[in-house]
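This briefing goes through a predicted model, topic by topic. Please keep the sequence and the coordinates at hand while reading the points below.

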Amino acid sequence: MFYITVKVSSSVEQGDVLNWNDTNNQWEVGSDISNTFGISRENAYSLDDGLNYIAKVSFAGQVLAKAGADIPDIGGKLSVSNGKVVVDTNAVHEVGFVAPVGYQENARLENDLITVHIR
């Protein structure tokens, strides 16, 4: 389990895809996978009465992410839309993949937490 605790926006929730915001100097929900991105392993929380928020964020390896659409049982190439992961069968990038559905698991629907692997 690879993660780093980083400064995030107060609205970050488990499974959100995050990008760096230079203006606010923190990780925020985003959809840019052409630069460094991470996925939050937990909801943002504060240790200083709401002045700063932090969360454990994965930048590589296996992590649970929010689905941005219904996910095909076969999984596929990882892409991002509106801060959530989707399968893009036409993607030319190789940033990771969405795992196939597991044995006796239910279909994965939009907003479910699903297993992905970031490369």
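Strand β7, which covers residues 76–81, is joined to β8 by 4 bridges, and the two strands run antiparallel. Within this pairing, V80 of the one strand stands opposite V85 in β8. The points below set this pair in its sheet and then turn to the cores, the salt bridges, the aromatic rings and two backbone angles.

**Sheet and strand β7**

- The pair belongs to an open sheet of 5 strands, ordered β6-β10-β9-β7-β8, in which the pairing is antiparallel.
- Its edge strands are β6 (61–66) and β8 (84–87), each of which pairs on one side only, and from one strand to the next the twist averages 45°.
- As general background, the strands of a sheet pair through backbone hydrogen bonds, whether parallel or antiparallel.
- Strand β7 also holds S79, which counts as buried because its relative accessibility of 10% falls under the 20% limit.
- Leaving aside neighbours within four places in sequence, S79 is in contact with I33, K84, V85, V86, D88 and H93.

**Nonpolar cores**

- The largest nonpolar core has 17 residues, and those with the most contacts inside it are F37, I39, L78, V85, V98, I114 and V116.
- Two or more residues of this core are given by each of β4 (37–40), β6, β7, β8 and β10 (113–118), and the largest share, 3 residues, comes from β10.
- Apart from this core lies another one of 9 residues, among them L18, A44, A55 and V57.
- Such grouping can be read against a general tendency, in soluble globular proteins, for nonpolar side chains to be buried together.

**Salt bridges**

- How many salt bridges does a search of the whole structure find? The search finds 4, and three of the pairs are described here, beginning with those that involve K66.
- The side chains of E13 and K66 meet in a salt bridge with an N to O distance of 2.6 Å; E13 lies in the loop between β1 (4–8) and β2 (17–21) and K66 in strand β6, so that this pair links distant parts of the chain, 53 residues apart.
- K66 also meets D16 through their side chains, with 3.0 Å from N to O, and this pair again links distant parts of the chain, with K66 in strand β6 and D16 in the loop between β1 and β2, 50 residues apart.
- E13, D16 and K66 are thereby linked in a network of salt bridges.
- Which members of this network are buried? Both K66 and D16 are buried, with K66 at a relative accessible area of 13%, whereas E13 counts as partly exposed at 40%.
- Another salt bridge joins the side chains of K77 and E94 at 3.4 Å, N to O; because K77 lies in strand β7 and E94 in the loop between β8 and β9 (96–98), the pair ties together parts that are 17 residues apart in sequence.
- K77 counts as partly exposed at 29% relative accessibility, and E94 is likewise partly exposed, with a relative accessible area of 46%.

**Aromatic rings**

- The count of aromatic pairs comes to 2.
- The rings of W20 and W27 have their centres 5.6 Å apart and their planes at 65°, and the pair is therefore edge-to-face, since planes over 60 degrees apart are counted that way.
- W20 is partly exposed, with a relative accessible area of 39%, whereas W27 is buried, with a value of 10%.
- Ring pairs link W20 and W27 with F59 into a cluster.

**Positive phi angles**

- Most residues other than glycine have a negative phi, and the two residues below are set against that background.
- D49 has a phi near 55°, a positive value in a residue other than glycine; D49 is placed in the loop between β4 and β5 (53–58) and is exposed, with a relative accessible area of 84%.
- Q104, although not a glycine, has a positive phi of about 60°; Q104 is found in the loop between β9 and β10, where a relative accessibility of 67% makes this residue count as exposed.

Methods: Residues are numbered from 1 along each chain as its sequence is written. This is a predicted model: local features need pLDDT of at least 70, side-chain atom pairs count only at pLDDT 80 or more; totals for chains, interfaces and linings use all residues. Side-chain values use heavy atoms; hydrogens and water are left out. Rings of Phe, Tyr and Trp (its six-membered ring) pair if their centres lie within 6.5 Å; planes under 30 degrees apart count as stacked, over 60 as edge-to-face and the rest as tilted. Buried means under 20% relative accessible area, exposed over 50%, partly exposed in between (1.4 Å probe, protein chains only). Two strands pair if DSSP finds at least two bridges between them. Axes are lines fitted to C-alpha atoms, for helices over the stretch in contact, and angles run from 0 to 180 degrees between N-to-C directions. A nonpolar core is a set of buried Ala, Val, Leu, Ile, Met, Phe, Trp, Tyr and Cys residues joined through side-chain atoms within 4.5 Å. Contact means heavy atoms within 4.5 Å.
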